[in-house]
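Work through the two exercises below with the coordinates open. Each task is followed by its solution.

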Amino acid sequence: MFRQQSHKQILDNLTSSVLLLDESLCIQYMNPAAEMLLEATLRRLKSRPIEEWLSPSEEELKVLRESFDSGHPYSKREARLITQSGQELIVDYSVNPVPQSGLLLEIQARDRLIRIEREEEILTRHATARTLVRGLAHEIKNPLGGIRGAAQLLERELEDESLHEYTRIIIEEADRLRNLVDRLLGPHKLPNIELVNIHAILERVCSLIQVESGGQIRLVRDYDPSIPEFEGDSEQLIQATLNITRNAMEALQEAKTPEPQIVLRTRALRQITLGTERHRLVCSVEIIDNGPGIPSDLLTSIFYPMVTGRADGSGLGLSIAQSIVNRHHGLIECNTEPGETRFQLFIPLEQNHENLR
C-alpha cells in the first residue's frame, strides 16, 4: 500500500502527462498533468475510446495494438491531440507496454515547451527593462531635486513678482518629471498582504469599467467558483487588472467596434510552469475583447515602459500590470488577432507571502 501511494505521488507531481490504456485503448488512469492537457478529469474520460481525445490514423491505431500484443515500446512525433474544448495540440508521445496492466503513454506537448521558452523570454526582457528604468530613474531624480531646490531659492531672491511665474514653471515641470519617473518604477510601497478573492477584485474592476464606459460595453463574466482565496495585495491586483481592462475598453471605443464586449474568465490550472518555476495550482485570469487587435510590430514590446499604440497613451499601464503580477510570482501573456485580443494573467495560488515583499 505504501509503495502504491508513493508511486501515485510521484505520478501526480510529474510535469509530463501520463496515461494508462487498457487492451481496448481506453483510458484507465491519467495523472493531473494529463487532465490539464486534455482539459478533462479521469472520471469524465475513463473508458472513453481513444478517438475522442487523440486523432490517430488507422495506421497509428494498428501500431498501438501491435505494441500491446508484442510488448515493444515506440515513440511518435508530432501527433495531433484534441482537448475537450476542441483545441488541437501537437504532441510527442512514447508508448511502453506494462505487463498485465496495459499501455503506458507519456505525452509531451510541443506547444507547452514553446510556451515555456516564450515565458522565460518575457520575464528576462521585463527584468532587463526594469533594471534599466531603475538606473535611469536614479540618474534623473538626483538632478531634478537640485533643479527644484535651486528654483525655490531663486524665487525667494526675486523681488519682481512677475518673474515668479518662471520659477513656478521650473518647479512644476520638475515635479511632473519626478511623478513620471515614480510611475515608471511602478508600486513603490510594500504590498499589503492579505487573503484576496480574485472574483471580488474582478467585480470591482467591472464596476469601474461600467461607469467609465457609460454602460456601452458588454461585460461577460465566466468565473470558476472553485478558485480559493490566496495571499496577495488586493489594491495592486485591482490596479493590474484594471489597467488591462481599461486598455481593452479604450481600444473598443477608439475603433468604434460594433457590439463591443469584454470577457473576464477565471480558471484554476494545475501543474503550470511559469518561467523556470513549476506551480501545482495557478489562478488564470483572461481578459478578452473583440476589438481590432494589437499591431504585430508592438506585440513583442507592449510590456515595456513608454510603449503604446495610442496617440494619447502613456505606455505605462501594461508595464505596471506586469510588474505587479511578477511581484506575485506570476506572469501576463498576450495573444491577439483582429477581432480578439486575449491577456492572460497567471497567479500562483500557493506561495510564501514573505517573497512578495
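**Exercise 1: a loop residue**

Asn290 touches Leu252, Thr257, Pro258, Glu259, Pro260, Gln261 and Gly339 (heavy atoms within 4.5 Å), not counting residues up to four places away in sequence. This is a predicted model, where local features need pLDDT of at least 70, side-chain atom pairs count only at pLDDT 80 or more, and totals for chains, interfaces and linings use all residues. Residues are numbered from 1 along each chain as its sequence is written, and side-chain values use heavy atoms, with hydrogens and water left out.

Task: place Asn290 and find the polar partners of its side chain.

Step 1. Asn290 sits in the loop between β10 and α9 (296–299). Helices (H or I, at least four residues) and strands (E, at least two) are DSSP runs, numbered from the N terminus.

Step 2. Asn290 is partly exposed because its relative accessibility is 24%. The cut-offs are under 20% for buried and over 50% for exposed, with partly exposed in between (1.4 Å probe, protein chains only).

Step 3. A polar atom of the Asn290 side chain lies 3.0 Å from the backbone oxygen of Glu259. The Asn290 side chain also reaches the backbone nitrogen of Gln261, at 2.9 Å.

Step 4. Ala248 is 42 residues from Asn290 in sequence; their C-alpha atoms are 8.7 Å apart.

**Exercise 2: the largest core**

Task: which residues touch the most other members of the largest nonpolar core (buried Ala, Val, Leu, Ile, Met, Phe, Trp, Tyr and Cys joined through side-chain atoms within 4.5 Å)?

Step 1. Of its 40 residues, the answer is Ile198, Ile244, Ile262, Ile332 and Phe343.

Step 2. α8 gives the largest share of this core, eight residues.

How values were computed:
Polar contact = N/O pair within 3.5 Å; in protein donor to acceptor, adjacent residues only side chain to side chain.
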